[in-house]
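Colleague: I'd like a close look at one small part of this model. Could you walk me through it slowly, as you would for someone new to structures?

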Amino acid sequence: MKKNELTDKHYAKGSKGFYAALGISAVMVGAACLFAHKQGDRLAEKQPSPIVQEAQVNKPVTDIPKPTAPAQRVTTAAVTAPVFAEEPTISAAEISVDAPPPEEHGFAEQPVEPAAAMDDMSAARAPLSDMSSVLSPFSGGELVKNETTGTWQTHNGIDIAAEVGADVFAAENGEIASVTNDPLWGVSVVIDHKNGFTTKYCGLGADLAVQQGDTVDSGTVIGAVGETADIESSMPPHLHIEVTHNGSFIDPMTVLSSQ
């Protein structure tokens with residue numbers, strides 16, 4: 001049988017075309033797979049990191065370990081600010097001019113000794129013949145109003161009323177420690193009795209019977225009552241006398257009144 005050359009040629013050409021198309025298809029499939037793989041890698045690189053959500057703040061936490069020691073409660077003391085009331089207004093009528101001030105400048109308070117045993121003044125005698133009229137007593141360190149100056153001050157002695165010129169006697173044996181004419185207390189004589197006691201006589205007259213350094217006995221006339229104490233000039237004539245024991249003022253009446 002004679003082959004048809006055209007048919008064979010056509011068949012041969014068709015077979016070759018089929019395999020060529022098949023090969024091209026395989027190449028394309030392979031290329032598509034490779035392209036898809038590369039695209040997948042790129043997408044994986046570009047994909048953002050996973051977002052980690054933070055736990056909610058208000059979410060109750062139940063896994064807190066229990067404390068090993070009991071908790072101590074710390075309390076703070078409350079500070080209360082003072083409340084200041086409105087300052088009261090004091091009218092002039094409520095102020096008493098007779099009340100003593102807390103401190104009077106110019107008159108320092110002198111030390112005052114409590115009443116002590118007076119055995120060392122057993123021979124003392126009264127400085128005046130008449131001791132019955134006490135004008136101003138010993139103040140014991142308290143402030144009293146001076147009738148002459150109107151100021152408040154301590155009265156460290158006693159004022160005994162007497163006529164001008166009446167004799168003034170030494171209360172005890174001793175030595176004349178000083179004779180002065182004081183601007184406030186006038187002519188004054190101080191006797192040191194050499195036993196811890198001193199006596200001071202103020203407001204004497206200018207004519208004295210003693211001078212500094214003299215030794216006197218109990219009852220010796222040292223001068224006379226005068227009117228030289230300007231600080232007490234508004235008072236009637238009198239003798240101002242002071243007594244100290246170891247430097248502290250004491251009430252003269254405790255050693256002089258009964259003599």
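Which residues does E172 touch, not counting residues up to four places away in sequence?

Modeller: Happy to. Keep in mind that this is a predicted model. E172 touches D120, M121, S122, A123 and A124, and its list goes on with I191, H193, V216, D217 and S218. As for where E172 sits, look in the loop between β5 (167–169) and β6.

Now for its charge. E172 is buried yet has no salt bridge. The nearest side chain of opposite charge belongs to R125, and that is 9.9 Å away. A salt bridge has to be within 4 Å, so R125 does not make one with E172.

Step along to G174, which lies in strand β6 (residues 174–182). G174 is buried too, because its relative accessible area is 11% and the cut-off is under 20%. Leaving out residues up to four places away in sequence, G174 touches I191, D192, H193, D214, T215 and V216. You've already met some of those names: I191, H193 and V216 are among the contacts of E172. S218, another contact of E172, comes up again here: the C-alpha atoms of G174 and S218 are separated by 8.0 Å, although the two residues are 44 apart along the chain.

I191 is a good way into the wider picture. The largest nonpolar core has 30 residues, and I191 is one of those that touch the most other members, along with L128, V168, Y201, I222 and L256. Elements giving two or more residues to this core include β7 (186–192), β8 (197–204) and β11 (238–245); β4 (158–161), β12 (248–250) and α2 (253–256) do so as well.

Zooming out, the protein chain has two helices and 12 strands. Reading from the N terminus, you start with a helix, go through the strands and finish on a helix. Of the 259 residues, 27% count as buried. Among contacts between residues at least 6 apart in sequence, 68% join residues at least 24 apart.

One last thing is how far to trust the picture. The protein chain averages a pLDDT of 75, and 56% of the residues score at least 70. Over residues 74–99 pLDDT stays under 50, and the model has six contacts beyond four places in sequence for them. Residues 102–109 also stay under 50, with nine such contacts. Where pLDDT is low, you shouldn't read the predicted coordinates in detail.

Methods
Residues numbered from 1 in each chain as written. Predicted model: local features only at pLDDT ≥ 70, side-chain atom pairs only at ≥ 80, totals over all residues. Heavy atoms only, no water. pLDDT = per-residue confidence, 0-100. Contact = heavy atoms within 4.5 Å. Helix = DSSP H or I, 4+ residues; strand = E, 2+ residues; numbered from the N terminus. Buried < 20%, exposed > 50% of the residue type's maximum accessible area, 1.4 Å probe, protein only. Core = buried A, V, L, I, M, F, W, Y, C linked by side-chain atoms within 4.5 Å. Lys, Arg positive; Asp, Glu negative; His and termini not counted.
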